[in-house]
Amino acid sequence: SLFEKDKLLFALVLASKLQMDEHKMAADELRFMLTGGVDMGDLPLPNPAAEWISDRMWGEVCRASALAAAGTWRDLAHHLAEHTAAWKHIYDSLEPHTEHLPEPWQSRLDPFQRIIVLRTIRAPVRACCLALASSTT
């Protein structure tokens, strides 16, 4: 039987496999959600708000902007740089998973992709995001 601590991870693996089999989830997005991507050195844009955006967070936002589904993710870093106040609201929220993302991201992204964005902005909410990912499939 599964240990209690492993049930959430098992549910995520099962749900993500089902979603990928139905072509509703991209493997590179799942990999990014789990790892944050691979740091390749220089970032394409400077950090727009170093007082609250860490270098690690900004690197993940830039890497998310470069995910394979370029039409979906392309301007994420530019949008965050231009609308820092709207994104800081989510960063400061006690329950960021209940906040709406600034448009066009709330309507453009599916629930799993919104979890990826939350993962980049608020890494400590990862366990909550995993539970949401498992329950939305």
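**Group meeting: a surface patch and some salt bridges**

Hi everyone, let's start at Phe-10, which counts as partly exposed because its relative accessibility is 46%. Do keep in mind that this is a predicted model. Phe-10 sits in helix 1, which covers residues 4-21. Together with Leu-14 and Leu-18, Phe-10 makes a nonpolar surface patch of about 290 Å².

Now for the charged side chains. Side chains of opposite charge can pair when their charged atoms come close. How many salt bridges does the model have? The count comes to 5, and I'll walk you through some of them.

Staying in helix 1, Lys-17 and Asp-21 form a salt bridge, at 3.2 Å from N to O. These two are 4 residues apart in the helix, so about one helical turn separates them. Both ends are partly exposed: Asp-21 has a relative accessible area of 48%, and Lys-17 has 47%.

Next, please look at helix 3, residues 55-65. Here Arg-56 pairs with Glu-60, with the closest N and O atoms 3.5 Å apart. Again the partners are 4 residues apart, about one helical turn. Is each of these two buried or partly exposed? Arg-56 is partly exposed, at 43% relative accessibility, while Glu-60 is buried, at 4%.

Glu-60 has another partner, Arg-119, and their closest N and O atoms are 2.6 Å apart. Arg-119 belongs to helix 8, residues 111-121, and Glu-60 to helix 3, so this pair ties together parts that are 59 residues apart in sequence. Arg-119 is buried, as is Glu-60.

Put together, Arg-56, Glu-60 and Arg-119 are linked in a salt-bridge network. Thanks for listening!

Key
Residues are numbered from 1 along each chain as its sequence is written. This is a predicted model: local features need pLDDT of at least 70, side-chain atom pairs count only at pLDDT 80 or more; totals for chains, interfaces and linings use all residues. Side-chain values use heavy atoms; hydrogens and water are left out. Patches are made of residues with over 30% relative accessible area and no salt bridge: like charges are joined within 9 Å, nonpolar side chains (Val, Leu, Ile, Met, Phe, Trp, Tyr) within 5 Å. Accessible areas come from the Shrake-Rupley method with a 1.4 Å probe; for residues, only the protein chains shown count as cover. A salt bridge is a side-chain nitrogen of Lys or Arg within 4 Å of a carboxyl oxygen of Asp or Glu. Buried means under 20% relative accessible area, exposed over 50%, partly exposed in between (1.4 Å probe, protein chains only).
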